[in-house]
Amino acid sequence: MSKPVFYDRFTSNNAARIRLWLYLKGKEDDFEVQLTKHAQQLDPKYQALNPLGKLPLLVLPSGQSIAESSVILSYLEDKYKGLSPSLRPDSPEDRAHMEMVIRVHDVYIASPNCTQPGFTHTQGCMYLGPTESHFTPKERTIPRPARAAKLAELWKQLDILEGLMWGPYFVGSAMTLADLTLYPTFVFFVMMLPLAFRWPDVFHGRPKLCAWMGEMEKNAHVQMVKRQILDAWEPKLRGEGDFDAIIEETKDSSFKWVYP
Ligand SMILES: N[C@@H](CCC(=O)N[C@@H](CS)C(=O)NCC(=O)O)C(=O)O
């Protein structure tokens, strides 16, 4: 029987949370992985599978497409119900908290929530360039005032997340889909905010998030996903990406770049 196809990319934090689920559950061999470049997402064949054009994507053997990473994770938890570790808490209150954390991530940090040119997610301020380049297509460039506003939003959302952290994981004593969702994005924060904007400490005034990151990284599957993300971004940090152009933007002192 054919396997579900998982459209994945190692530079994508939204895809990384699906990979982490597969590793934690020991299910990676049950899925066919299609590594997909951003340019391939614009291909009519991909757009036919996911008219939203976003990655990750899961296509079932029946032909049904499941898009949006939180929808994919919910589907996987439902489909493999009973397979440990359970990543969804039992009580309605704990579940509501988990969904809230995921919603904050998806709506305020990691999704453009729009398919039109010129709209990018908040997190894009860390790595999408100010002008068209081989890394940043024209429709994803970020003008300086928008970059500064997105950066202020990231700073604010870090405080919101600190407030939502129950500890040691987002929803208390056990890892849930909320932790899988946030962890890869925090790998981005720790890698990019000090590099592009000279932030001295992403966890400044956020001891709960700092302790959570350490707790997560005790897990070997989490370590593997971290390594994959860092390796995939390494050439971009060394000049293939747009970090030099972003650092150049921060010479404009009429905007705030360094936090706190
Ligand atoms: N809400 C979507 C967001 C997905 C998303 O923005 N994916 C990025 C890769 S991490 C992407 O496809 N970017 C390309 C684009 O927006 O054109 C999800 O959670 O899956």
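Me: How do you know that a polar side-chain atom of Gln41 makes a polar contact with an oxygen atom of the ligand?

Reply: The polar side-chain atom of Gln41 lies 2.9 Å from an oxygen atom of the ligand. A polar contact is a pair of N or O atoms within 3.5 Å (within protein, one must be able to donate a hydrogen and the other to accept it, and residues adjacent in sequence count only if both atoms are side-chain atoms). The Gln41 pair is therefore a polar contact.

Me: What should I know about the model itself?

Reply: This is a predicted model, where local features need pLDDT of at least 70 and side-chain atom pairs count only at pLDDT 80 or more, while totals for chains, interfaces and linings use all residues. Residues are numbered from 1 along each chain as its sequence is written, and side-chain values use heavy atoms, with hydrogens and water left out.

Me: Which atoms of the ligand pair with the side chains of His38 and Glu68?

Reply: For His38, an oxygen atom of the ligand is 3.1 Å from an N or O atom of the side chain. For Glu68, a nitrogen atom of the ligand is 2.5 Å from an N or O atom of the side chain. The protein covers 91% of the 500 Å² of accessible area that the ligand has on its own (Shrake-Rupley method, 1.4 Å probe; for residues, only the protein chains shown count as cover).

Me: Which residues around the ligand come nearest, and what makes a residue near?

Reply: Lys54, Leu55, Glu68, Ser69 and Ser111 come nearest, out of 16 residues around the ligand. A residue is near a molecule or strand if one of its heavy atoms lies within 4 Å of it.

Me: What makes up the shell around the ligand?

Reply: The shell divides into 4 nonpolar, 7 polar and 5 charged residues. Ala, Val, Leu, Ile, Met, Phe, Trp, Tyr, Cys and Pro count as nonpolar, Asp, Glu, Lys and Arg as charged, and the others, Gly among them, as polar.

Me: Where in the chain does the shell come from?

Reply: Domain 1 (5–79) and domain 2 (92–249) each give at least three residues, with bounds from an automatic or database domain assignment. Helices α1 (13–25) and α2 (38–41) each supply at least two residues. The most comes from α1, with 3 residues. Helices (H or I, at least four residues) and strands (E, at least two) are DSSP runs, numbered from the N terminus.

Me: Why does Lys25 count as buried?

Reply: Lys25 has 7% relative accessibility. Buried means under 20% relative accessible area, exposed over 50%, partly exposed in between (1.4 Å probe, protein chains only). Lys25 is therefore buried. Lys25 lies in helix α1. The side chain of Lys25 reaches the backbone oxygen of Pro85 at 2.6 Å. A polar atom of that side chain lies 2.8 Å from the backbone oxygen of Leu83.

Me: Why is Asn113 called exposed?

Reply: Asn113 has a relative accessible area of 54%, so Asn113 is exposed. Asn113 sits in the loop between α5 (92–109) and α6. Its phi is near 55°, a positive value in a residue other than glycine.

Me: Why does Arg198 count as partly exposed?

Reply: Arg198 has 48% relative accessibility, so Arg198 counts as partly exposed. Arg198 is in the loop between α7 and α8 (207–216). Phi of Arg198 is near 60°, a positive value in a residue other than glycine.

Me: Why is Cys210 called partly exposed?

Reply: The relative accessible area of Cys210 is 40%, so Cys210 is partly exposed. Cys210 is found in helix α8. The C-alpha atoms of Cys210 and His121 are separated by 24 Å. These residues are 89 residues apart along the chain.

Me: Where are the cis peptide bonds of Pro56 and Pro168?

Reply: One runs from Leu55 to Pro56, with omega near 10°. Pro56 is in the loop between α3 (44–49) and β3 (57–59). Another joins Gly167 and Pro168, with omega about -5°. Pro168 is in the loop between α6 (144–164) and α7 (177–197).

Me: Where does UniProt place the feature "transmembrane region"?

Reply: The unreviewed UniProt entry places that feature at residues 180–199 (feature names are shortened, positions follow the numbering used here, and annotations may be inferred rather than shown by experiment). In the model, residues 180–199 are 90% helix and 0% strand. The end C-alpha atoms of that span lie 24 Å apart.
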